[in-house]
Amino acid sequence: MVGVHVAIITDEGVFKHWAIFIDVPRESDKIMLQARGSDGRFRYEPEYGDARGLSGLDELVFLFQVESAEATWPKAAANELPVRSDIHGWNCQDWVLDFLDKLEEDDLIDGEDRAYREQKSYVRGKVEGLV
């Protein structure tokens, strides 16, 4: 099984950076799916590597598991997700929540699963930025 997490990272930005971390068994295939940039200039920028090795990692929040053989579909879903640089104040945290919403809408994950809902609610409570 492959764990899918939200990585919450303190880096050089104003707000904490968020990414979806897919913790596949093979070290070279571990990946963070993320939007990078600044207001009005965000882009989708996946990054290979283990989030646990980041110096600014504050927290890894487990969301759900997928079968190892099916670990590519989260990457495919992320590739299709729009980056909303047209919305003032939109950032990487919004991208992560949009990603999770898309997985639920497309029935790729069970949005009604109690444990997942609790974790998503916990992550949503960590949102920083414009209200």
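Helices (H or I, at least four residues) and strands (E, at least two) are DSSP runs, numbered from the N terminus. This is a predicted model, in which local features need pLDDT of at least 70 and side-chain atom pairs count only at pLDDT 80 or more, while totals for chains, interfaces and linings use all residues. Residues are numbered from 1 along each chain as its sequence is written, and side-chain values use heavy atoms, with hydrogens and water left out.

The loop between helix H2 (92-105) and helix H3 (114-124) holds Asp 107. This residue is exposed, at a relative accessible area of 66%. Buried means under 20% relative accessible area, exposed over 50%, and partly exposed in between (1.4 Å probe, protein chains only). The phi angle of Asp 107 is near 55 degrees, which is a positive value in a residue other than glycine.

Asp 107 also belongs to a surface patch of negative charge, together with Asp 110, Glu 112 and Asp 113. Patches are made of residues with over 30% relative accessible area and no salt bridge; like charges are joined within 9 Å, and nonpolar side chains (Val, Leu, Ile, Met, Phe, Trp, Tyr) within 5 Å. For this purpose Asp and Glu count as negative and Lys and Arg as positive, with His and the chain ends not counted. The place of a charge is taken as CG of Asp, CD of Glu, NZ of Lys or CZ of Arg. Accessible areas come from the Shrake-Rupley method with a 1.4 Å probe.

The two helices on either side of that loop are linked by a salt bridge. Asp 101 pairs with Lys 120, the closest N and O atoms being 2.5 Å apart. Asp 101 is in helix H2 and Lys 120 in helix H3, 19 residues apart, and the pair links distant parts of the chain. Asp 101 counts as partly exposed at 25% relative accessibility, whereas Lys 120 counts as buried at 9%. A salt bridge here is a side-chain nitrogen of Lys or Arg within 4 Å of a carboxyl oxygen of Asp or Glu. The whole structure has 13 salt bridges.

Another of these pairs is Asp 58 with Lys 16, at 3.1 Å from N to O. Asp 58 lies in strand E7 (residues 57-66) and Lys 16 in the loop between E1 and strand E2 (17-23), so this salt bridge ties together parts that are 42 residues apart in sequence. Both ends count as partly exposed, Asp 58 at 40% relative accessibility and Lys 16 at 30%.

Strand E2 also contains Asp 23. Asp 23 is buried, with a relative accessible area of 16%. It forms a salt bridge with Lys 30, with the closest N and O atoms 2.5 Å apart, and Lys 30 is buried as well. Contacts of Asp 23, not counting residues up to four places away in sequence, are Val 2, Gly 3, His 5, Lys 30 and Arg 52; contact means heavy atoms within 4.5 Å. Between the C-alpha atoms of Asp 23 and Ser 68 the separation is 9.9 Å, with their positions 45 residues apart along the chain.

Ser 68 also appears among the contacts of Met 1, which touches Gln 65, Val 66 and Glu 67 too, again leaving aside residues up to four places away in sequence. Met 1 sits in the segment before strand E1 (2-9). From Met 1 to Leu 57 the C-alpha distance is 23 Å, and the two are 56 residues apart in sequence.
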